[in-house]
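Biologist: I'd like to learn how to read a model like this one, feature by feature. Could you walk me through it?

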Amino acid sequence: MTFTLGVDLGGTKIAAGLVAPGGVVTRRMSAPTPAAEGPEAILQTIVDLATSLTDHAPGTVIAGCGIGAAGVIDPVSRTVQFATNSLPGWTGTRLGAEIERRLGMPVATVNDVHAHAIGEAVHGAGRGERTVLVIAAGTGIGGALVVDGVLQAGRHGAAGHYGHVPAAEAAGLACTCGGTGHLEVIASGPAILQAYLRRGGSEPGDTQEIFARADAGDDVAAEVINIAATALGRSIGGLINSVDPDLVIVGGGLAAAGPRWWNTVESHARAEAMGLLAGCRIVPTSLGADSAIVGAASLITTTTLLAPITL
Ligand SMILES: [Zn+2]
């Protein structure tokens, strides 16, 4: 059997897995992302994790390593085109070439949200479906469109920034991208927290606590969650009208927050969708924390990305 390695590189944690054919993770390892130490330390941590996984599987044929990484990743040059301040110095890192040289095996790279989407669309909740729209709602709002198992990454590898579409509920609010009035600043986890504070809510520890307060009868908490979920749901409805997908998969930290959020998102998505499309299936993710590892690994063995992989 030929295995692949999958790496999920986020701002706080790097998770890696040994992936069997069919997208089954047979062994996992992880380490904190040494973000403050810079790109070289991050590259070395990836190599260390990959080497440990390989060492624990003697005699196993490893076809290559797929990496889903934070930032906008050019799918052809495999270089980080843009990264936020959560990974200082990460922009410009020759991620694919450097890891390939150090591991001595083929390496494919993709954005981490895209890796998550490929994993869910190809091996998770979207298995067997043709046109799959994946939405990830948590710290940010992102996702991807996967058609016939192939990620539609766009000209710059930046497709799927669904948090950066205009949303009426976000009018006038400054966005993390430099624009104003985008969905992300009203519908993401941090946006819910900010909205709660703007409306005079007493300092909560985190977004999760706002959900707990809403359940306990806090009207302001319930209202800001309702506005966030309504805005996201309406946007998903607009995307359904644009794409006419076979299936919409919704994941990320907010999707696990319970029926209050989920039901509001789903009902507003259906209300916004045109009549013919209002019955579109909208389902949660199914691979849990493995989705990005599985999606990244699948870049090695299947044509899940339109861009050629340099071997
Ligand atoms: Zn924006």
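Biologist: Let's start with helix 9: how many of its 11 residues are buried?

Modeller: Happy to help! First, the ground rules: this is a predicted model, in which local features need pLDDT of at least 70 and side-chain atom pairs count only at pLDDT 80 or more, while totals for chains, interfaces and linings use all residues. Residues are numbered from 1 along each chain as its sequence is written. A residue is buried if 20 or more other C-beta atoms lie within 10 Å of its own, exposed if 12 or fewer, and partly exposed in between, with C-beta atoms placed from the backbone. Helices (H or I, at least four residues) and strands (E, at least two) are DSSP runs, numbered from the N terminus. In helix 9, residues 291-301, 10 of the 11 residues are buried. The buried ones include Ile293, Val294, Leu299 and Ile300.

Biologist: What covers the buried residues of helix 9?

Modeller: Contacts tell us: two residues are in contact if their C-beta atoms, placed from the backbone, lie within 7 Å. The cover includes strands 1 (2-9), 2 (13-20), 3 (24-32), 4 (61-69) and 7 (107-111), together with helix 3.

Biologist: How is the protein chain divided into domains?

Modeller: The bounds come from an automatic or database domain assignment. Domain 1 covers 2-118 + 289-301, and domain 2 covers 129-284. Their centres, taken over C-alpha atoms, are 27 Å apart. Where they meet, 11 residues of domain 1 are in contact with 12 residues of domain 2. On the domain 1 side, strand 5 (72-73) and helix 3 (112-123) each supply at least two residues, and helix 3 gives the most, with 5. That side divides into 6 nonpolar, 4 polar and 1 charged residues; here Ala, Val, Leu, Ile, Met, Phe, Trp, Tyr, Cys and Pro count as nonpolar, Asp, Glu, Lys and Arg as charged, and the others, Gly among them, as polar.

Biologist: Now a sheet, please. In what order do the strands of the 5-strand open sheet run?

Modeller: Strands of a sheet pair through backbone hydrogen bonds, either parallel or antiparallel. Two strands count as paired if DSSP finds at least two bridges between them. In this open sheet the order is 10-9-8-11-12, with mixed pairing. Strand 10 (150-151) and strand 12 (281-284) are the edge strands, each pairing on one side only. Strand 8 (residues 131-137) and strand 11 (residues 247-251) run parallel, joined by 5 bridges. Val132, for example, has Leu247 in strand 11 as its bridge partner.

Biologist: Loops puzzle me. Is Leu87, in the loop between strand 6 (80-82) and helix 2 (95-103), buried or exposed?

Modeller: Leu87 counts as buried because it has 22 C-beta neighbours inside 10 Å. Leaving aside neighbours within four places in sequence, Leu87 is in contact with Gly11, Ala35, Ala70 and Gly71.

Biologist: And the whole chain: how many helices and strands does it have?

Modeller: The protein chain has 9 helices and 12 strands. Its radius of gyration (over C-alpha atoms) is 19 Å, close to the 19 Å from the globule rule for 311 residues, so it is as compact as a globular protein of that length. The rule is 2.2 Å times the number of residues to the power 0.38. Of the 311 residues, 49% count as buried.

Biologist: What average pLDDT does the protein chain have?

Modeller: The pLDDT is the predictor's confidence in each residue, from 0 to 100. The average is 93, and 97% of the residues score at least 70. Over residues 306-311, however, the pLDDT is below 50.
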